[in-house]
Amino acid sequence: MNILLNDPSIYQDWKKTNEYYNKRIEANKDELEKFWDSYYVNTNNFSKDSIKVYDDLIPNVIIDKVSEFASNGLWKYNHEISTNNRQKYIYDNHVYDEIKKFSVELHDNLYFHNLFHTVILPGISIEKKENIVIDRVFMSGRLHGLSDFYHKDDRSSSKYGHSVYIFLNQNWKSYYDGSFSCILNDNDVTDTYHIENKNGRIMVFPPNINHKFCEISGYGLLENAFCQVLEYHLIYV
């Protein structure tokens with residue numbers, strides 16, 4: 001636990017990128033070509049119980065350090081959800097490109113691997129924990145006007161595990177909006193489930209649930225609200 005009492009920036013190389021993720025995709029290209037073709041077009045029907053929410057799992061002293069790291073991070077405006085270019089965003093018969101958002105790559109940061117394996121993973125309910133590895137770990141950031149389309153999360157393996165998201169917003173106000181939204185039934189896009197933004201709140205869900213972060217309100221624009229989320233994308237080995 002000692003490493004988690006340190007400043008996460010000690011372990012951060014701001015120039016690093018997650019080269020391993022794209023290399024794994026390239027190495028499994030033939031298998032993944034077929035997998036993604038069905039993954040994105042398959043319709044699913046989930047219940048609210050498919051999305052687990054945990055509050056107060058991460059001790060305050062740690063979540064405060066992580067939130068401060070996020071607030072002071074060197075964010076890049078370049079993050080795209082879909083790496084393999086298979087995912088399309090189709091609304092009213094028009095295909096749209098995703099609006100880019102801010103990100104901080106954390107794959108080589110020992111602090112965030114330690115946080116997941118010593119604090120988060122033991123406290124959440126997912127199957128076969130002993131076979132879980134982190135495929136990607138990064139922070140995503142959104143301002144007013146930088147909202148998501150509903151999407152499914154990518155993986156570098158067809159043996160996908162859950163997505164684990166943690167809100168990192170110390171002074172978030174309810175009138176900023178910016179909740180997390182999931183479509184439970186892909187055949188009824190009005191069947192949605194929303195989870196409100198709370199600092200340290202953890203959301204665990206299957207990555208093939210269509211999900212997004214909702215728009216930050218005009219009041220959030222006036223007060224320069226910046227929604228920060230720590231994202232772990234998991235696979236099985």
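Two strands count as paired if DSSP finds at least two bridges between them. By that rule E7 and E12 pair, running antiparallel and joined by 6 bridges. Helices (H or I, at least four residues) and strands (E, at least two) are DSSP runs, numbered from the N terminus. The protein chain comes to 5 helices and 12 strands.

This is a predicted model: local features need pLDDT of at least 70, side-chain atom pairs count only at pLDDT 80 or more, and totals for chains, interfaces and linings use all residues. Residues are numbered from 1 along each chain as its sequence is written, and side-chain values use heavy atoms, with hydrogens and water left out.

**Overall build**

- The protein chain has a radius of gyration of 17 Å, which agrees with the value near 18 Å for a compact globule of 237 residues. The radius is taken over C-alpha atoms, and the globule rule is 2.2 Å times the number of residues to the power 0.38.
- Along its principal axes, the C-alpha trace spans about 45 × 45 × 35 Å.
- Of the 237 residues, 51% count as buried. Buried means under 20% relative accessible area, exposed over 50%, and partly exposed in between (1.4 Å probe, protein chains only).
- Take the contacts between residues at least 6 apart in sequence: 85% of them join residues at least 24 apart. Contact means heavy atoms within 4.5 Å.

**Strands E7, E10, E12 and E1**

- E7 is mostly covered, with 7 of its 8 residues buried.
- E7 and E10 run antiparallel and are joined by 4 bridges.
- Val164 stands opposite Val204 in E10. Val164 also stands opposite Tyr232 in E12.
- Tyr165 has Met203 of E10 as its bridge partner.
- E10 also pairs with strand E1 (residues 52-54), in the antiparallel sense, over 3 bridges. There Val53 has Met203 as its bridge partner.
- From E10, Ile202 and Val204 point one way, while Met203 and Phe205 point the other way. All four are buried.

**Nonpolar cores**

- A nonpolar core is a set of buried Ala, Val, Leu, Ile, Met, Phe, Trp, Tyr and Cys residues joined through side-chain atoms within 4.5 Å.
- The largest such core has 36 residues. Those with the most contacts inside it are Phe112, Leu115, Ile120, Val164, Ile166, Leu230 and Tyr232.
- Elements that each supply at least two residues of this core include helix H3 (60-71), helix H4 (110-123), strand E7 (160-167) and strand E12 (227-236).
- H4 gives the most to this core, with 7 residues.
- Leaving aside neighbours within four places in sequence, Val164 is in contact with ten residues' worth of surroundings that include Phe116, Ile120, Ile202, Val204, Leu230 and Tyr232.
- Apart from the largest core lies another, of 19 residues, among them Phe167, Trp172, Phe180 and Ile216.

**The E9-E8-E11 sheet**

- An open sheet of 3 strands has the order E9-E8-E11, with antiparallel pairing.
- Strand E9 (188-195) and strand E11 (210-213) stand at the edges. Each has a single partner strand, so one side of each is left without a neighbour in the sheet.
- The twist averages 30° from one strand to the next. Axes here are lines fitted to C-alpha atoms, for helices over the stretch in contact, and angles run from 0 to 180 degrees between N-to-C directions.
- Strand E8 (residues 180-185) and E9 pair in the antiparallel sense over 5 bridges. One of the matched pairs is Ile183 with Thr192 of E9.

**Cysteines**

- A disulfide is a covalent bond between the sulfur atoms of two cysteines. The cut-off is a pair of cysteine sulfur atoms within 2.5 Å.
- The structure holds 0 disulfides.
- Cys214 is in no disulfide, and the nearest cysteine sulfur, that of Cys182, is 9.6 Å away. Cys214 is buried, with a relative accessible area of 14%.
- The sulfur of Cys227 is 10 Å from the closest cysteine sulfur, in Cys214, which is too far for a bond. Cys227 is buried, with a relative accessible area of 1%.

**Gly141**

- Gly141 is found in strand E6. This glycine is buried, with a relative accessible area of 0%.
- Not counting residues up to four places away in sequence, Gly141 touches Trp75, Lys101, Phe102, Phe226 and Cys227.
- Gly141 and Ile3 are 138 residues apart along the chain, and their C-alpha atoms are separated by 25 Å.
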